Amino acid sequence: MAKYIEVYVQQVNPGRLPQVVGALLDVDCDESIVKSLISATPAQFSIADLVSEVEKRNRLKTLHRWLEAKASEGAQDTGLYNALAKIYIDSNYDPEKFLSSNKLYDPRVVGAYSEKRDPNLAFLAYSQGECDDELLRLTSENGMFKQQARYLIKRRDLSLWSKALSGDDQHVLNPSHRRQLVDQVVSYALPEAEDPEEVSVCVKAFMAANLPQELIELLERIILEPTPFSNNNNLQNLLILTAVKVEPTRVADYIGRLNNFDAPDVAEICINNGLHEEAFNIYKRFEVNADAIGVLIDHVGSLDRAYEYAERCDQPDVWSRLGRAQLDGLRIKDAIDSYVRADDASNFGDVIAVATRAGKFDDLVRFLLMARKKVREPVIESELLFAYAKTERLTDLEDMLHGPNIAQVQKVGDRCYDEGLFEAARLLFQSVSNWARLASTLVRLGDYQAAVDCGRKANSTAVWRDVHGACIAEREFRLAQICALHLIVHAEELEPMIRLYEAGGHVDELCTLLENGLGLERAHMGMFTELAVLYCKYRPTQIMDHLKLYWSRVNIPKVIRACEAAHLWPELVFLYVHYDEFDNAAQTIIAHSADAWEHASFKDIIVKASNVELYYKALRFYLNEQPLLLSDLLAVMMPRIDHTRVVSMFVKSDNIPLIKPYLVSAQATNNKAVNEAFNDLLIEEEDFVGLRNSIDNHDNFDAIGLAQRLEKHELLEFRRIAAHLYNQAKRWRQSLTLSKKDKLYKDAMTTARVSGSVEIAEDLLRYFVESGNAACFSACLFTCYDIVRSDVVMELAWRHGLANEAMPYFINLVREYQVKVDHLVEEVGELKVKVEKNAGPANAVAGPNQLMGPAGINGRLLLGHAGSANNAQPFASNLGSAHGSTPSMGGL
């Protein structure tokens with residue numbers, strides 16, 4: 001059986017050796033057989049699997065010799081060396097040496113195997129393989145904090161330090177373990193360190209873990225005790241800074257014991273953290289005096305201690321710093337003293353500003369005298385001049401002005417003027433020949449004559465205005481007028497000046513000034529206008545004369561407003577007329593007629609008005625106030641007024657007689673309203689002649705209405721006019737009725753003749769016959785000869801025995817017929833000749849008797865060559881009916 005197994009593992013399947021060995025060990029096979037089988041089998045199997053199978057049976061020592069042989073042959077299999085390490089550990093065969101020198105085993109496997117047997121060996125294995133997590137767990141669980149501390153320092157890994165000091169998901173932190181670790185680091189591990197990098201990483205780890213107290217302990221152990229790192233600058237800085245944040249009470253002790261830290265930086269940090277005294281001590285110890293006094297000033301806030309420190313140091317920069325602080329604290333005199341002791345003029349701007357605001361000009365003079373020696377600045381010298389002025393040291397000011405200087409004299413003079421230091425301002429302006437400002441200054445000093453003289457030299461509007469105002473205030477009107485004559489030529493200066501005079505009640509002086517100014521070469525419209533306004537306000541009797549002279553040079557709208565406010569109506573009308581505001585002029589006259597009306601002027605104005613409504617307003621005005629002049633006004637307004645509206649207005653007011661001349665003139669337009677109004681007026685005046693002329697010459701009126709009114713009039717002539725109107729309207733019968741009623745037979749006969757109606761004429765004849773008025777019958781036949789029928793006349797004459805009255809009619813009628821017959825005979829003869837000429841010899845046999853024969857009058861020859869026999873009868877009938885009948889020759 002053993003032979004078969006040997007053949008199987010050596011020739012058939014060497015890779016199954018681990019399983020075969022495990023099976024043999026399970027049946028308690030002899031170890032020598034197992035060892036020989038392993039030794040004889042080719043190296044085609046996994047050593048790790050073999051070790052695993054043997055280790056499961058707790059028979060690992062069986063492979064000891066074979067493993068060492070393989071190791072000596074140079075095998076690199078990790079499982080082999082893991083097995084050797086386990087054997088050495090179990091047999092205690094100098095395992096430390098193997099674990100320390102051999103690098104081919106797996107530290108985690110060997111470490112885990114050693115943990116229960118010997119934690120120190122496990123620590124050694126883990127440390128060799130840098131198995132940090134396993135090592136931390138091992139040392140924490142077994143209280144090996146000294147080894148852990150030494151390992152952490154040697155590793156110099158911040159992430160590992162973080163796990164040890166703060167923990168993570170795999171390594172849960174136990175506070176007591178951390179405290180023990182810190183103690184071991186402080187007590188043993190870190191003092192043993194000689195590499196600065198190890199110390200640096202350790203300190204960083206403590207800072208990252210936010211362990212300030214522990215860090216202080218660590219740094220005190222390193223720095224305050226003799227170590228290679230006692231004088232390390234960074235560690236000393238770190239110790240102080242950590243104490244500043246955690247243990248401020250220790251900072252002063254550290255500052256006194258340490259001497260190799262960065263004093264400025266540490267002091268600044270102390271200041272930021274409120275440790276002002278410690279910061280002061282740092283600066284003082286390292287003799288940084290300017291910063292030391294800065295701490296006393298800025299943070300401690302004790303100017304008295306700062307002054308004592310400056311006295312002790314007596315350095316310019318310290319005094320300068322103290323002076324700035326005293327200036328900020330408004331201890332101006334002390335600040336200037338400090339600047340003077342420091343001989344420092346660099347902060348002259350602030351010193352000047354603060355001292356000026358506080359009015360400390362005496363002390364400022366001392367500073368500026370020092371500063372003038374150090375710095376050549378216009379500001380310094382300008383402020384020195386002003387300080388002299390404020391302290392009334394005019395002699396020093398004048399000496400400085402006469403000497404070389406770069407002061408801004410003009411600006412200083414303006415300041416002195418604004419401050420009321422007029423004597424100093426006079427000296428300053430005089431030194432720069434500023435006549436304008438000098439004039440204003442002299443005004444303030446009360447020297448008005450000199451001020452006017454300076455104004456002439458300056459020739460400035462602002463100067464003249466200033467001097468003028470002062471002269472007015474002092475009632476120096478002569479000098480004021482000299483100034484004002486230079487001002488009023490500027491239009492923008494005129495109005496303020498007028499307000500100034502009016503406010504003071506100096507109206508007469510103002511008027512005199514403007515009157516004198518009108519003759520100036522540069523006189524402008526504003527002067528004439530303002531004088532006119534003043535006259536309106538204060539001298540109304542002079543305004544009209546002024547306007548007549550200068551109306552073309554005044555601002556008419558402005559003067560109009562002034563006249564209106566002063567109720568100067570004639571002047572207002574005058575201005576409206578010259579401004580072509582004829583409507584406003586007319587309205588003003590109408591509204592204020594008692595003062596402004598003048599007939600001739602109003603007529604000239606009203607015809608130029610553009611608003612038609614004003615015409616009728618003017619007519620109402622005249623009707624109320626000047627009715628006798630209405631006709632004159634209407635005469636000039638006639639071309640532009642509506643006659644119908646005018647007549648309607650006067651009809652309503654029952655004042656038509658007032659405008660009779662206008663109506664006579666307006667009849668030329670044949671306006672209905674005018675005609676009817678005039679006719680009514682004539683009827684009222686019983687002027688039948690004028691009415692007859694009006695009716696005959698102007699037909700645009702209601703004729704029937706007028707006729708109906710007149711036919712009832714008590715005067716015969718007006719009733720005749722009514723009949724005449726009926727005639728014009730072709731109402732013949734109404735006219736005849738009216739004439740017959742008034743026995744105006746001549747008018748009746750005339751009406752019948754004019755009507756041309758046979759019926760009307762014959763009815764009139766019958767009326768005369770019936771009324772027994774033979775004379776009128778005869779006269780009517782004469783009048784209506786052309787339209788009455790002869791047979792009707794003959795019948796009426798025969799029946800009523802009026803043959804004698806009708807005989808003139810018949811005589812005339814016979815004569816008329818005789819003339820007509822003669823004319824016909826003549827025409828027939830002419831026709832005969834013409835027919836014979838056209839017919840020739842062939843028709844000559846007919847003879848002349850044929851013309852008078854049966855064809856006679858009814859022949860063709862009577863109708864001409866183009867007529868016919870049928871057309872002869874109408875002609876013969878016409879001969880007989882020329883007067884309405886067909887009489888026979890015997891009857892005539």
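This briefing covers aromatic pairs, salt bridges, surface charge and backbone outliers in one structure. The model is predicted. A search of the whole structure finds 12 aromatic pairs. The salt-bridge count comes to 23. Selected cases follow, each with its place in the chain and its exposure.

**Aromatic pairs**

- A pair of aromatic rings is described by the distance of the centres and the angle of the planes.
- Among the 12 aromatic pairs is W597 with Y622, an edge-to-face contact at 6.0 Å centre to centre and 70 degrees between the planes.
- W597 sits in the loop between α41 (593-596) and α42 (599-606), while Y622 belongs to helix α43 (residues 613-625), so the pair ties together parts 25 residues apart in sequence.
- The two partners differ in cover: W597 is partly exposed at 23% relative accessible area, whereas Y622 is buried at 0%.
- Y809 and F810 also pair edge-to-face, with 5.3 Å between centres and 70 degrees between the planes.
- Y809 is buried, with a relative accessible area of 4%.
- F810 counts as buried too, at 15% relative accessibility.
- Ring pairs also build a cluster of W597, F602, F621 and Y622.

**Salt bridges**

- Side chains of opposite charge can pair when their charged atoms come close.
- R372 bridges to E381, with the closest N and O atoms 3.3 Å apart.
- R372 is partly exposed at 23% relative accessibility, but E381 is buried at 1%.
- D632 and K603 meet in a salt bridge of 3.0 Å, N to O.
- D632 lies in helix α44 (residues 630-637) and K603 in helix α42, so this bridge ties together parts 29 residues apart in sequence.
- D632 is partly exposed at 31% relative accessibility, and K603 is buried at 17%.
- E613 forms a salt bridge with R645, and their closest N and O atoms are 2.8 Å apart.
- That pair links distant parts of the chain: E613 is in helix α43 and R645 in helix α45 (residues 643-652), 32 residues apart.
- Both ends count as partly exposed, E613 at 41% relative accessibility and R645 at 32%.
- R733, E759, D763 and R766 form one network, joined by salt bridges that share partners.

**Helix α43 in both lists**

- Helix α43 (residues 613-625) holds Y622 of the aromatic pair with W597.
- Helix α43 also holds E613 of the salt bridge.

**Surface charge**

- Where does negative charge gather on the surface? The patch consists of D822, E826, E827 and E830.
- One of these residues, E826, is found in helix α56 (residues 803-839).

**Positive phi outside glycine**

- D580 is not a glycine, yet has a positive phi of about 60 degrees.
- D580 lies in the loop between α39 (569-578) and α40 (582-591).
- Is D580 buried or exposed? D580 is exposed, with a relative accessible area of 56%.
- N670, also not a glycine, has a positive phi of about 55 degrees.
- N670 falls in the loop between α46 (660-666) and α47 (672-685).
- N670 is partly exposed, at 26% relative accessible area.

Notes
Residues are numbered from 1 along each chain as its sequence is written. This is a predicted model: local features need pLDDT of at least 70, side-chain atom pairs count only at pLDDT 80 or more; totals for chains, interfaces and linings use all residues. Side-chain values use heavy atoms; hydrogens and water are left out. Patches are made of residues with over 30% relative accessible area and no salt bridge: like charges are joined within 9 Å, nonpolar side chains (Val, Leu, Ile, Met, Phe, Trp, Tyr) within 5 Å. Accessible areas come from the Shrake-Rupley method with a 1.4 Å probe; for residues, only the protein chains shown count as cover. A salt bridge is a side-chain nitrogen of Lys or Arg within 4 Å of a carboxyl oxygen of Asp or Glu. Lys and Arg count as positive and Asp and Glu as negative; His and the chain ends are not counted. The place of a charge is taken as NZ of Lys, CZ of Arg, CG of Asp or CD of Glu. Helices (H or I, at least four residues) and strands (E, at least two) are DSSP runs, numbered from the N terminus. Buried means under 20% relative accessible area, exposed over 50%, partly exposed in between (1.4 Å probe, protein chains only). Rings of Phe, Tyr and Trp (its six-membered ring) pair if their centres lie within 6.5 Å; planes under 30 degrees apart count as stacked, over 60 as edge-to-face and the rest as tilted.
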